[in-house]
Amino acid sequence: MPFLNLGILAHVDAGKTSLTERLLYDAGIIDRVGSVDSGSTQTDSMDLERRRGITIQSAVVAFRLGDLTVNLIDTPGHTDFVAEVERALRVLDGAVLVVSAVEGVQAQTRVLFRTLERLGVPTLLFVNKIDRRGAREAELLADLAELLSPRLLPMATVERIGSGEAEVVPFAFGDNAFEERAAEMLAEGSDEFLAAYLDDAPLDCEAELAAQVRSGAAHPVYFGSAITGAGAAALAEGIQRFLPVPEAEDSGDAVGTVFKVEHADAGQKITYLRMRSGSIAPRDQVTGYRRGDRGTVESFEGKVTAVEVFDTGTATVPGTAVPGSIAKLKGLADIRIGDAIGSPEALARGGFFTPPTLETVVRPADPDDRIPLNRALLSLAERDPLVDPHLDELSEEIAVRLYGEVQKEVVASLLDEEFGIAVEFEETRAIHVERPQQVSEALHEMGPWQQTPHLATVGLRLEPGEPGSGVGYELEVERGSLTRALHNAIEETVHEVLRRGLYGWGVTDCRVVLTATGYIGRASTAGDFREVVKYLLDVMLKESGTVVCEPFNSFSAEFPAGSGQAVLKVLGEARSDIKGQFSTDTAGFVSGFVPTEAVHGIERRLPSLSEGLAVFTTEFAEYRPVYGTPPRRGEPR
């Protein structure tokens, strides 16, 4: 049986979990549509998800469309859980991007669509909530074309939009007017189709649309309401007709990608694996692969003790993981999110979204829970590695990285409910970075003139890099000039030292070049090279100097006309860099950039200034130099 791994993605509150419920109901998996508000949905299984009415962890449910088994992956919509979305994107064959007919294209909608395009994931759009007051059709389609892509084809129109009687009227390929609109759009995506169109040759618009959807060149737009069920059947038909079903590679080694890790009640790891080829059965011995800290590929062995495959809904049954399927494996104690099974080619691609730019110190309410807290945080990090629990070197307390305040609440809830540890957090602070200001070189040579007692010749050059380039390491010497162990010692130490710059923040956007090497047989040790590299980098950082930079988010705000002055005051107090501003008789609009650290405060204050009517959307944009005295990591603010 063929499989389709389908992602449902959206900005928070656009209705993607409700759409998941509707698809499951129409497929006969559930006998009633669950409600997000009442906590009765299939995919929101955590207590906190039900209380908050938001999706926090990706969840898999299965249903059938004809002879096609769809593994539907419901992903979080809140920006605080974008890392969970990234992991799901790695295993998708296609996606449905949900847009509210009322709120329209929002910040996370744009981020998700750009990412899906960059990854080449075939995507359908579903405009939800057509039964809500304020729902739009023509205006929203114009916004979709302007803000997402002009390569859109509406598959229906809506009668009585914005009312409880809203009804979807599908277009048919046999209709001449629709065929003409489809042909005009499709001709822009294919030279061959364009030539046939201009020659008045017979056209198969439906087949061409399927081809262009699968190549990422076109996006059908469906309308409907997950609550009333309007338009859901047409979307399900579009999923079957237009999204690609990967060819199964039954032969060959078992290959798959790990995109989620859970812990059973007894603490045993449960691995969620997207199978690429081959098969995995209980008692199979498998080879796993992961990327090390420096980008190298490491391997490990493991034995699978149990395999469960998704059957219907969230239920799983014992079986064999086959190509295209999603399976839950047990027995792989060393597995991590992003690992590959069977081949390093299946290693998860990453870096689609910016890593967390905020952090906070977390401490147990009971000081005796310090060690259990550390173990619990390491367990949570296996599910979300970007949380990155680490020792704050200055305060000597445990810190975690976050995308926002909601994620902080989730961490606290999980620690309390799963591990019985009550915690307190310090105020969230922005994670700054340091960038070298100029090129600097240093050389340590063995001999009576050497600066340290270590038997190692090392030459290094530190160069500023492009913003966003990270830390690069290159050789200007022959790799054979040192043993592999000594080369590894140098590179590892470079990355280790640059984690802490002159002001205590990580040094980034630079390149370190190894320009000279020398050693004396067995007399020179890896320890010698580590100490010399530390010494040279310390010298070069001081000579180059570093610029401390803080994270900034882009933002847009819409607010009632009468609240403009108060809103602008709040934005000004937050050090916003306003780039655009205009107003109408009823509303004001402003856009620009704001320090990431100030976003939560703005979101907290705007509702009271605008009678709850302000709309504030934001996403990470860039790092900018700090003006004035640079903050040192760990200093009181």
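In this predicted model, one open sheet is built from 4 strands in the order β24-β25-β28-β26, and the pairing within this sheet is mixed. The edge positions belong to β24 (440–444) and β26 (471–475), and because each of these strands has a single partner, one side of each is left without a neighbour in the sheet. From one strand to the next, the twist averages 15°. Where β24 meets strand β25 (residues 457–464), the two pair in the antiparallel sense over 5 bridges, and within this pairing H444 has V458 of β25 as its bridge partner.

Two helices pack on this sheet. Helix α12 (residues 484–497) touches β26 and β28 (510–518), and the direction of α12 makes about 155° with that of β26. Helix α13 (residues 526–544), in turn, touches β24, β25 and β28, and its direction makes about 35° with that of β25. The strand β28 is thus touched by α12 and also by α13.

Another open sheet has 7 strands, arranged in the order β2-β3-β1-β4-β5-β9-β6, again with mixed pairing. Here β2 (59–65) and β6 (152–154) stand at the edges, and since each has a single partner strand, one side of each lacks a neighbour in the sheet. The twist in this sheet averages 25° from one strand to the next.

Following the order of this sheet inward, one comes to strand β1 (residues 3–10), which pairs with β4 in the parallel sense over 5 bridges; the bridge partner of I8 in β4 is V96. Strand β4 (residues 94–100) also pairs with β5, likewise in the parallel sense, this time over 6 bridges, and S100 stands opposite N128 of β5. Between these two strands the chain passes through helix α4 (residues 107–119), and the resulting β-α-β crossover from β4 to β5 is right-handed. On to the next strand in the order, β5 is joined by 3 bridges to strand β9 (residues 219–223), with the two running parallel, and F126 has Y222 of β9 as its bridge partner.

How enclosed is strand β5 by the rest of the structure? In β5 (residues 123–128), 6 of the 6 residues are buried, so the strand is largely enclosed by the rest of the structure. In a regular strand the side chains alternate between the two faces of the sheet. For β5, both faces are covered, with T123, L125 and V127 buried on one side and L124, F126 and N128 buried on the other. Two of these residues have already appeared in the pairing of the strand, N128 opposite S100 and F126 as the partner of Y222.

A further contact, this one between two helices, involves α6 (residues 176–187) and α7 (residues 191–198), whose axes come within 8 Å and cross at roughly 135°. That angle makes α6 oblique to α7. On the α6 side the contact is made by E180, A183, E184, L186 and A187, which meet F193, L194 and Y197 of α7. Sorted by class, the contact has 6 nonpolar and 2 charged residues, with no polar ones.

These parts belong to a protein with 15 helices and 32 strands. Of its 637 residues, 52% count as buried. Among the contacts in the protein with a separation of 6 or more, 72% are accounted for by residues 24 or more positions apart.

Methods:
Residues numbered from 1 in each chain as written. Predicted model: local features only at pLDDT ≥ 70, side-chain atom pairs only at ≥ 80, totals over all residues. Heavy atoms only, no water. Pairing = 2+ DSSP bridges. Axes fitted to C-alpha atoms, helices over the stretch in contact; angles between N-to-C directions. Contact = heavy atoms within 4.5 Å. Parallel < 35°, antiparallel > 145°, perpendicular 65-115°, else oblique. Nonpolar A, V, L, I, M, F, W, Y, C, P; charged D, E, K, R; others polar. Buried < 20%, exposed > 50% of the residue type's maximum accessible area, 1.4 Å probe, protein only. Right-handed = clockwise from strand over helix to strand, strands pointing away.
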